[in-house]
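Open the model in your viewer and keep the selection tool at hand. Each stop below says what to pick and what sits there.

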Amino acid sequence: MRASRLLSVLLLLQNRGRMTAEELAAELEVSVRTVYRDIDALSASGVPVYADRGRTGGYRLVAGYRTRLTGLTEEEAQSLSLAGLPVAAAELGLGTVLAAAQLKLYAAMPEELRSRAGRVAERFYLDVPGWHRGIESLPTLSAVAEAVWASHRIRIRYERWGQREVTRVVEPLGLILKAGNWYLAGRCEGTDRTYRISRVRELEDLGETFERPEDFDLSHYWQDWSEQFERRMFPRVATIRMSPRAQALVPFYAGAVGARALREALEGGAEPDADGWLVVELPVERGEPAIGELLRFGPHIEVLEPADLRAELASAIEEMGTVYG
């Protein structure tokens, strides 16, 4: 562990130039006293590191010195696939590993490329979770990720919809990060299934290795599963008249499903009437969720069909009118 940290100190100084003991300690998540000991150990091993005294001082390497100890470990190489997702890497327990891998990668780059990579990191940042949504507590995520890497069967206690808990033995095949939420694709009793990680209450690694299916493609599986999930979520199709204002609000109020329906209507040759109102077929959920989604548009939409949905919406509007007088 200390050898890895010493290499990190060396690469930090090589990539960034002068750094104070406090800056190194914060970067490595250790105490300043530990940094002092590490600097002494580097000097004793022949690394030309020296200290500049004073308020603007710090540690730096002799000009022109560069280490060639930049080989990536297996974990570091794996973590580079998450280089643009620092939060995701941290959730998987790879935060410090990713930082070490990036340091080695920068150290191995020519000066021009290293400078360009630094400018990219300064100018672009990817924040995965959506607005007004906190990051879920995921105490089992790291263990799930380890089981995925090792192809180990796991036993999970899982909370299904309706707060009903079940126990399953799963062969974990892959992890997916979707809009800030982690999902596990796994095979259970011969069937490929999807589990939301935040609903995994307990996990036991059984230590049994399974043979990963050669024909399993994670991206294709997720695409197919997402389409099926969307069809289950939106089983009904409503015929709706939309004002120009409602059409502009579709991406915000009806999301990707509504935006796709509106685009398909326009591409299919649908034309607005003289006042700009457009008839669109919009997939909707069952029951109260559908009423809530449609009420968001206020007076800018009119449900034409199905008749029961139109009646339910009219009833909800009447009740609201009673509340507000």
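The tour runs from a sheet to its core, then to two helices and two single residues.

**Before you start**

This is a predicted model: local features need pLDDT of at least 70, side-chain atom pairs count only at pLDDT 80 or more, and totals for chains, interfaces and linings use all residues. Numbering starts from 1 along each chain as its sequence is written, and side-chain values use heavy atoms, with hydrogens and water left out.

**Stop 1: the sheet**

Select β8 (236-242), β9 (278-284) and β10 (301-305). Helices (H or I, at least four residues) and strands (E, at least two) are DSSP runs, numbered from the N terminus. The 3 strands form an open sheet in the order β9-β8-β10, with antiparallel pairing. Strands pair if DSSP finds at least two bridges between them. β9 and β10 stand at the edges with a single partner strand each, so one side of each has no neighbour in the sheet. On average, neighbouring strands are turned by 35 degrees against each other, direction ignored.

Zoom in on β8 and β10, which pair over 4 bridges. Ile 240 has Val 303 in β10 as its bridge partner. Now add α10 (244-253). α10 packs on the sheet and touches β8, β9 and β10. Its direction makes about 135 degrees with that of β8. (Axes are lines fitted to C-alpha atoms, for helices over the stretch in contact; angles run from 0 to 180 degrees between N-to-C directions. Contact means heavy atoms within 4.5 Å.)

**Stop 2: the core**

Which residues touch the most other members of the largest nonpolar core? Select Ile 240, Met 242, Val 280, Leu 282, Leu 294, Ile 301 and Leu 309. The core has 22 residues. A nonpolar core is a set of buried Ala, Val, Leu, Ile, Met, Phe, Trp, Tyr and Cys residues joined through side-chain atoms within 4.5 Å. Buried means under 20% relative accessible area, exposed over 50%, partly exposed in between (1.4 Å probe, protein chains only). β9 gives the most, with 4 residues.

Center on Ile 240. Leaving aside neighbours within four places in sequence, its contacts include Leu 278, Val 280, Leu 294 and Val 303. A second, separate core has 18 residues, among them Leu 141, Ala 145, Val 170 and Val 200.

**Stop 3: two helices**

Select α12 (287-295). Ala 290, Ile 291 and Leu 294 are buried here. Down the helix axis they fall within an arc of 100 degrees, so they line one face. The arc is that of the directions from the helix axis to the C-beta atoms. Their cover includes β8, β9, β10 and α13.

Move to α9, residues 218-233. Its buried residues are Tyr 221, Trp 222 and Trp 225. They fall within an arc of 90 degrees, so they too line one face of their helix. What covers them includes β4 (164-178), β5 (181-188) and β6 (191-196).

**Stop 4: two single residues**

Is His 300 buried, partly exposed or exposed? At 28% relative accessibility, His 300 is partly exposed. His 300 lies in the loop between α12 and β10. Beyond four places in sequence, its contacts include Arg 241, Arg 245 and Trp 277. Trp 277 is 23 residues away in sequence and 9.0 Å away, C-alpha to C-alpha.

Finish at Ser 8, in helix α1 (residues 2-16). Ser 8 is buried, at 12% relative accessible area. The C-alpha of Leu 24, 16 residues along the chain, is 9.5 Å from that of Ser 8.

Note on methods
The expected span of a helix is 1.5 Å times one less than its number of residues.
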